[in-house]
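Reader: I have a new model open on my screen and would like to walk through it with you. Could we take it piece by piece?

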Amino acid sequence: MELKNLRTFQAVVDQGSYQRAAEHLGYTQSTITVQIQQLEEELGVPLFERVGRRMVLTEAGERALPQARELLEAADRFLECGKTDSLPTGTLRVDMAETLLCYRMQPVIRAFRERAPQVRLIVRSCNCMQIPLGVRTGACDLGVGYDMDWNREALEVEPIGSYDIVLLASPDFAEPDFTTPGQRKAVSLVTDEPDSIFRRRLEDDLRRREIELDVTLELWSIETIKRCVMSNLGFTYLPRFVAEEELADGRLVELEAPISGVPAPALCAWRKGRWVTPAMELFLELLREALAEEPLTAFASAPAPGPAAGRACRLK
């Protein structure tokens, strides 16, 4: 069995199509097709079926993927034997929560690229339900996100801090009465996808108090959500650090509410029992260094300054 065929198999899964796998590996698409066919002939089962434009794993492919990743991991570990002073090589795949990726991880990524120029770094923005699944299946090497009951039996989990999650609105946001349960409110929640930890937490809180909202604007970009909220299209629920500048200059205000300011633990995870590659070790080292220099709770200790401080709405 050829290792290159296993790498191609892994690349098709990770990239989602033969064409993207070919671009990723530097092959022609016909080469990808031949290598997958060779692997399927050796195993005696089809590994993929086409659904629309994507190649989706068959049941046999689902069973084969974790074993293929383990074999490739073992091969990569073998190739590292004797490399004591050399720079890390290979590929490092990191899945991150969008807010952490956009607002906190640039220094870590920049430092990693400077110290590991030979590593192919692949960083993806994922929701916090997808991240642990990707770590367990081997779709990524490291996951960085917020805890959504991540399975400690399958994952090595390292806490990396805690962020306050707050209700945010425009200074012109009309103060709603949320003190009485069982109401329907003529206000809009501006939020992201249904599997977002922030959206789930807020909607659970509203459901417990039997409070219904007229409109939910479902957007899949944190920056788009912020712009809509600043335009007074509704309110949102996000980590305070994503709106640090807007809170300071008064473009946004923090709404007072029992659920506002409740911290969400942030974690870094990798699959339990797997080999921690030199590239993974370096990324973890840089992540710890960054947190030691600038704790993740640094922006959760005081209310936002600026002219908006007196405009805070009160939700109870």
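Author: Happy to. One cut-off helps from the start: a residue is buried under 20% relative accessible area, exposed over 50%, and partly exposed in between. Please keep in mind that this is a predicted model.

Reader: With that cut-off in hand, is Glu-218 buried, exposed or partly exposed?
Author: Glu-218 sits in strand β8 (residues 211-218). Its relative accessibility is 38%. Because that value falls between the two limits, Glu-218 counts as partly exposed.

Reader: Which residue does the side chain of Glu-218 meet in a salt bridge?
Author: The pair links distant parts of the chain, with the partner in helix α8 (residues 197-208), 19 residues apart from Glu-218. That partner is buried, at a relative accessible area of 11%. The N to O distance is 2.7 Å, and the residue is Arg-199.

Reader: What is the N to O distance in the salt bridge of Arg-200 and Asp-195?
Author: Arg-200 has a relative accessible area of 35%, so it is partly exposed. Asp-195 is partly exposed as well, at 27%. Their side chains meet in a salt bridge with an N to O distance of 3.1 Å.

Reader: How many salt bridges are there?
Author: The rule asks for a side-chain nitrogen of Lys or Arg within 4 Å of a carboxyl oxygen of Asp or Glu. The pair of Arg-274 and Asp-141, at 3.0 Å, is one of those that meet it. By this rule the count is 20.

Reader: Are Arg-274 and Asp-141 buried or exposed?
Author: Arg-274 lies in the loop between β11 and α11 (278-293), while Asp-141 is in the loop between α7 (130-137) and β5 (142-146). The two are 133 residues apart, so you would not pair them by eye from the sequence numbers alone. Both residues are buried.

Reader: Which residue is linked with Asp-141 and Arg-274 in a network of salt bridges?
Author: We have just met two members of this network, whose side chains join at 3.0 Å. The remaining name in the network is Arg-93.

Reader: How many residues are in the largest nonpolar core?
Author: In soluble globular proteins, nonpolar side chains tend to be buried together. Here, Leu-92, Leu-100, Phe-112, Leu-142, Tyr-146 and Phe-235 touch the most other members of the largest core. Leaving aside neighbours within four places in sequence, the contacts of Phe-235 include Leu-167, Phe-173, Val-187, Leu-213 and Leu-255. The core has 72 residues.

Reader: How many residues does the second, separate core have?
Author: Among its members are Val-12, Ala-22, Ile-36 and Met-55. The number of residues in this second core is 18.

Reader: Is Ser-260 buried or exposed?
Author: Ser-260 lies in the loop between β10 (253-255) and β11 (262-271). Not counting residues up to four places away in sequence, Ser-260 touches Ile-165, Val-166, Leu-167, Tyr-237, Glu-254 and Leu-255. The C-alpha atoms of Ser-260 and Tyr-237 are separated by 7.9 Å. With a relative accessible area of 13%, Ser-260 is buried.

Reader: Where is Thr-58 placed?
Author: Thr-58 counts as buried, at 13% relative accessibility. Setting aside residues up to four places away in sequence, Thr-58 touches Pro-46, Leu-47, Phe-48 and Glu-49. Its place is in the loop between β2 and α4 (59-79).

Reader: Which residues form a nonpolar patch on the surface with Met-1?
Author: Met-1 lies in the segment before α1 (3-15). At 57% relative accessibility, Met-1 counts as exposed. The patch has about 300 Å² of accessible area together, and the residues that join Met-1 in it are Leu-43 and Leu-71.

Reader: Over which residues is the pLDDT below 50?
Author: The mean pLDDT of the protein is 85, and 89% of its residues reach 70 or more. Among the elements, strand β2 (residues 54-57) has the lowest mean, 82, and strand β9 (residues 236-239) the highest, 96. Where pLDDT is low, the predicted coordinates should not be read in detail. The stretch with pLDDT below 50, which has 50 contacts beyond near neighbours in sequence, is residues 295-316.

Notes:
Residues are numbered from 1 along each chain as its sequence is written. This is a predicted model: local features need pLDDT of at least 70, side-chain atom pairs count only at pLDDT 80 or more; totals for chains, interfaces and linings use all residues. Side-chain values use heavy atoms; hydrogens and water are left out. Patches are made of residues with over 30% relative accessible area and no salt bridge: like charges are joined within 9 Å, nonpolar side chains (Val, Leu, Ile, Met, Phe, Trp, Tyr) within 5 Å. Accessible areas come from the Shrake-Rupley method with a 1.4 Å probe; for residues, only the protein chains shown count as cover. Helices (H or I, at least four residues) and strands (E, at least two) are DSSP runs, numbered from the N terminus. Buried means under 20% relative accessible area, exposed over 50%, partly exposed in between (1.4 Å probe, protein chains only). pLDDT is the predictor's confidence in each residue, from 0 to 100. Contact means heavy atoms within 4.5 Å. A nonpolar core is a set of buried Ala, Val, Leu, Ile, Met, Phe, Trp, Tyr and Cys residues joined through side-chain atoms within 4.5 Å.
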